[in-house]
Amino acid sequence: MVPQRPLRAALAAIPGVAYILVLLCIVFGAASKGFLSGANILNIGMQSVILLMLALPMTLIILSEGLDISLGAVLTLCSVVLALMLVRGNGLAVALAAAVAAGLAFGLANGLLVSIVKMPPFVATLGTLGIAQGLALAVTDGQSVVGIGAQVEPIYSGSLFGLPIPLAFALGAYALTHWLLYQTRFGGYVFAIGGNREALVLAGVRAHLHHIGIYIFGGFMAGLAALLLTARMNAGHPTAAIGMEFDAIVAVAVGGTSFERGEGWLFGTLLGVLAVGVMRNGLNLLGVPSSLQVVSIGLLVIVALLVDGLKQRP
Amino acid sequence: MTEPIAIRHGFSAGALALGYRLLVVVAMCAALALASDAFLTESNVINVLRQASLLFLIASGLTLVILTAGLDLSVAANLGMSACLAASVLKSTGSPLLGMLAGIGSGLAIGLANGLLVTALRIPPFIATYGMLWVLHGLSYYYMAGGTIYGFPPGFREIGSGYLFGVPVPIYLMFLFFVIGWLFTARTTYGQEIYAIGANPAAARLSGIPVKRRLVLVYAVSGGMAGLAALVYLARLNSAEADIGESLLLPAIAACLIGGASLFGGVGTISGTLIGALILTLVLNGMNLLQVNANWQPFVTGVIVLIGVWVDMVTRKRAEDKS
């Protein structure tokens, strides 16, 4: 066994998500002709942007040993708010401000419930999930919000200096989250909250503010992502992104962020989002219905957790 | 400070808490009777009890899981999947017995899978069962392919819409499973072990309780009860679609919390959950009678879940401060 050590160590140093991503690309590349074309790869990128915008804050939330299962419903509500504001004749800036405000309000509520009231995160956000979903259904009466005008749609289809606008959003969101997590004191707190609760209690008020801030960041990103979601559908729909937080949680877990140890990395989440995107896109090309795609994504996370568990063993 | 006194004290405090909750039920009934003439009609009372029985069947299994400080977020999706499977077996074989076996069997199998994810793979319960929720959701939609299965044999429909001595069958089921659940939790070693696991898993393991096997058992029971509830629901609706039961998750959790079950484990009773199911059904029925748009239901149950957890936390803190 001794001679194999260096190779094993080198293989172990490569994160599991990289293997998964390469494997998925090989399998789908072999199975379907169009998969590796430039147009399709761009397509995967475009389809993954909204998911990335949920998965980035979800990484911070999970790093702090939290969870936010309300993000899909909050994104849905923000999109509905945006669409309704536009239908009522408000400008895009005002409508976006209202959507982001809705996201921030839910982020603040989640943060307060988790950090100050000290509720278990998954129950707190299960409650706010119900509230956001109920609001989205009630204000739309369960119907799609259409007739939002022509000013939103170009945000999804347009480009900025040759770069599709959604990819610009993705780049901006990733850069912002990277900066927050690795360059600021806030980021230091994110790791500290996950790793060591007692230290957090001793650290006092400031730590609580940062803890709440993590969830507010989630709400903020959901508000921004609502712009892309609404632009993509050119409408608001009260169940549009229900369950999308599951894809986001899977992306974070596949990306190697641990649920219980406060360990993880942001780049892994980007790879995890791509893995989920590749999986959905490849299965789409093979004609697998979206209902079964969810099932395979569930299996993907189990495989990722198993790989993670195997690597933890001495 | 001997043990019997502690137990006695615990019992009387529990009885007091149950008494408060019964008062809430009575007060809600009085308020609803005043607010709406339709509330105290025979058909509405039966309707309330029938809905409460469906909710109780799901919530009673869920209560066992919550007692171990776990959570089963897949109960409603499990109900949906089991209902779809049972519906298709009923339709293709015409045999109520095979249909019922399919529904309960599917519920049990899903619960068993949850139990194994939690124990063998050591995935945190809420993540394992949350993943299961979406997997089952996808499977149901795939299986039904947008279709509806309807029109079941009359013998099968009895369990949802039949009457015995003028009382609907589901209400008998509610009381039957209340008695079984009460005996199981309060009068068997299994029940005591489940409380012990929830109160302190490390101590439970050290005292020789087979923690993993008991955990698998509670998740299997929770799944099996979801399968049973699927049959009752199916028999009442006489049709199945992919989204059947989807909206029951928050109400089921809310019923447990209103009933006094603590998400931190070790605290809660089947009788509490029964009253919780009644209270929640009265809330939803009241909204219905007062013509509140049904789209508000997730909002209201979400708020109730949050209040329920908050009350639980305050109660615990007070108990800790005392001791």
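**Rings, interface and salt bridges**

Visitor: What is the relative accessibility of Trp296(B)?
Guide: Trp296(B) has 30%, so the residue counts as partly exposed. Buried means under 20% relative accessible area, exposed over 50%, and partly exposed in between (1.4 Å probe, protein chains only).

Visitor: What kind of model is this?
Guide: A predicted one: local features need pLDDT of at least 70, side-chain atom pairs count only at pLDDT 80 or more, and totals for chains, interfaces and linings use all residues. Residues are numbered from 1 along each chain as its sequence is written, chains are lettered from A and ligands numbered from 1 in the order written, and side-chain values use heavy atoms, without hydrogens and water.

Visitor: OK, rings. How many aromatic pairs are there?
Guide: The search of the whole structure finds 9 over all chains. One is Phe184(B) with Tyr190(B), stacked, at 6.1 Å centre to centre and 20° between the planes.

Visitor: What's the rule for a pair?
Guide: Rings of Phe, Tyr and Trp (its six-membered ring) pair if their centres lie within 6.5 Å. Planes under 30 degrees apart are stacked, over 60 edge-to-face, and the rest tilted.

Visitor: What is the accessibility of Phe184(B)?
Guide: Phe184(B) is partly exposed at 21%. Tyr190(B) is partly exposed too, at 41%.

Visitor: And which ring does Trp296(B) pair with?
Guide: Phe299(B), edge-to-face, 5.3 Å centre to centre with 85° between the planes. Phe299(B) is partly exposed, at 24%.

Visitor: Which rings link into a cluster?
Guide: Phe246(A), Tyr130(B) and Trp134(B), through ring pairs.

Visitor: On to the interface. How many residues does the contact take from each chain?
Guide: Chain A gives 38 residues and chain B gives 33. Contact means heavy atoms within 4.5 Å.

Visitor: What area is buried between the chains?
Guide: About 2,900 Å², with carbon and sulfur atoms giving 86% of it. That is the accessible area (1.4 Å probe) two parts lose on being put together, summed over both.

Visitor: How many salt bridges and polar contacts cross it?
Guide: The rule finds 0 salt bridges across the interface. It finds 4 residue pairs in polar contact, both residues at pLDDT 80 or more. A polar contact is a pair of N or O atoms within 3.5 Å; within protein, one must be able to donate a hydrogen and the other to accept it, and residues adjacent in sequence count only if both atoms are side-chain atoms.

Visitor: Which helices of chain A supply its side?
Guide: H6 (121-140), H12 (244-254) and H14 (290-312) each supply at least two residues. H6(A) gives the largest share, 13 residues. Helices (H or I, at least four residues) and strands (E, at least two) are DSSP runs, numbered from the N terminus.

Visitor: How many salt bridges in the whole structure?
Guide: There are 4 over all chains. The rule wants a side-chain nitrogen of Lys or Arg within 4 Å of a carboxyl oxygen of Asp or Glu. Asp247(A) and Arg280(A) form one, at 3.0 Å, N to O. Asp247(A) is in H12 and Arg280(A) in H13 (residues 266-285) of chain A, 33 residues apart.

Visitor: Asp247(A): buried or exposed?
Guide: Buried, at 8%. Arg280(A) is partly exposed, at 24%.

Visitor: Which residue does Arg214(B) bridge to?
Guide: Glu193(B), at 2.5 Å, N to O. Arg214(B) sits in H10 (residues 211-237) and Glu193(B) in H8 (residues 189-199) of chain B. Both are buried.
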